[in-house]
Amino acid sequence: MRGAVLHAPGDVRVENRDDPRIEQPTDAIIRVSATCVCGSDLWPYRGVQNVAGPTVMGHEYVGMVEEVGSDVTGVTPGQFVVGSFWASDNTCEICRAGYQSACVHRVPMGMLGSQAEYLRVPLADGTLVPTPEVPPADLIPGYLAASDVLGTGWFAAVAAEAGPGRTVAVVGDGAVGLLAIMAARQLGAERIIAMSRHEPRQRLAVEFGATDIVVERGDEGVARIKDLTDGLGVHSMVEAVGTQESMMQAVRATRPGGHVGFVGVTHDVSLPGMEMFFSLVHLHGGPAPVRRFLPQLMALIGDRTIDPGKVFDLELPLDRAAEGYRAMDERRAIKTLLRP
């Protein structure tokens, strides 16, 4: 089969890979209908995150079940399924508490490389959620978004306790940040502040539910949010970048007693202890337990209540994956969808 492989920073190639096969009785093989490039894929692409030799890429996927292992009972060949970027059994004590991304048997799907024609999904019964029927083509981007960026944005909004009567701000205008805005709106937030300097992303933020746009960053961004909230800061803050500046901007723009939901993959972030002590801010986040939210999100997509697929503003065939990476790296695209 064909699949994307990162050989070195900036060097993505689509080349022949071994076809996946059933390795465990709990596995399933899917034929990938759509996959995509994630903002977190850009860390190794830019050389910020080191990789040891050629590395398969991709952890977001939807597709048709082709084959299942002997112990799989929840999905069958011919079904269209959505999975998370963590494979999980969905039955262990941690999963039952709603944190499938920390399942005691978890498998990171990025190690298997979903930017390919076929994909082996471990722990298929716990990981894959089928749609009631094979969806029309126009819903596939939305379901693909649910496999990571929508689920991650939703978790961030939940962790930030977005809801009725609350003012929410979102640091980061990539796909996760934009879909956190959508999530906050669905959760009933009264006011949603998008922090963005990019006009196309600002327009999509407003379409998804943002009521205010803040273009300033760092201390200036904090001051602007304080101006908009009577000097107090927001009740709920989503941090969807993962840098020192973005995390401190998020914490400092949150009022005492407020909540920060952080889902940006952190790189060299350290929190000053004394400032955190006196901030009285709640912090919760990490790798999103997307599986917790999949049934709810898939229902909202299926009945067309939400359309998260709008974050895909570039669609390419899999063989042009390198072009999709470049477009996102240069911020010419929010998120690239790849069709095997």
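**Exercise 1. Cysteines**

How far is the sulfur of Cys-36 from the closest cysteine sulfur, and in which residue does that sulfur lie?

*Solution.* The model is predicted: local features need pLDDT of at least 70, side-chain atom pairs count only at pLDDT 80 or more, and totals for chains, interfaces and linings use all residues. Residues are numbered from 1 along each chain as its sequence is written, and side-chain values use heavy atoms, with hydrogens and water left out.

Step 1. A disulfide is a covalent bond between the sulfur atoms of two cysteines. The criterion applied here is a pair of cysteine sulfur atoms within 2.5 Å.

Step 2. For Cys-36, the closest cysteine sulfur belongs to Cys-38, at 7.0 Å, which is too far for a bond. For Cys-95, the closest cysteine sulfur belongs to Cys-103, at 3.6 Å, again too far for a bond.

Step 3. A search of the whole structure accordingly reports zero disulfides.

Step 4. A residue is buried under 20% relative accessible area, exposed over 50%, and partly exposed in between (1.4 Å probe, protein chains only). Cys-36 counts as buried because its relative accessibility is 0%; Cys-95, at 3%, also counts as buried.

**Exercise 2. The two sides of a helix**

Determine which residues of helix α7 are buried and where they lie around its axis.

*Solution.* Step 1. Helices (H or I, at least four residues) and strands (E, at least two) are DSSP runs, numbered from the N terminus. Helix α7 spans residues 199–208, and its buried residues are Arg-201, Gln-202, Leu-204, Ala-205 and Phe-208.

Step 2. These residues lie on the same side of α7 because they cover an arc of only 165° around the axis. The arc is that of the directions from the helix axis to the C-beta atoms. An α-helix has 3.6 residues a turn, so residues three or four places apart point the same way.

Step 3. On the face turned away from the buried side are the exposed residues Glu-199 and Arg-203.

Step 4. The buried residues of α7 pack against α6 (175–186), β12 (191–195) and β13 (212–214). After α7 comes Gly-209, with a positive phi near 135°.

**Exercise 3. The nonpolar cores**

Identify the residues with the most contacts inside the largest nonpolar core.

*Solution.* Step 1. A nonpolar core is a set of buried Ala, Val, Leu, Ile, Met, Phe, Trp, Tyr and Cys residues joined through side-chain atoms within 4.5 Å.

Step 2. The largest such core has 56 residues, and those with the most contacts inside it are Val-62, Tyr-143, Leu-150, Leu-179, Ile-181 and Phe-208. Helix α6 gives the most to this core, with nine residues.

Step 3. A second, separate core has 16 residues, including Val-12, Tyr-45, Leu-318 and Met-328.

**Exercise 4. Strand pairing**

State the strand order of the open six-stranded sheet, and explain why β13 and β16 each have one side without a neighbour in the sheet.

*Solution.* Step 1. Two strands pair if DSSP finds at least two bridges between them. The order is β13-β12-β11-β14-β15-β16, with parallel pairing.

Step 2. β13 and β16 (282–285) stand at the edges; each has a single partner strand, so one side of each lacks a neighbour in the sheet.

Step 3. Within this sheet, β14 (residues 234–239) and β15 (residues 254–262) pair in the parallel sense over five bridges. Glu-239 stands opposite Phe-262 in β15.

Step 4. Elsewhere, β1 (residues 2–8) and β2 (residues 11–16) run antiparallel and are joined by six bridges. They form a hairpin with two residues between them, and Gly-10 in the turn has a positive phi of about 75°.

Technical notes:
Contact means heavy atoms within 4.5 Å.
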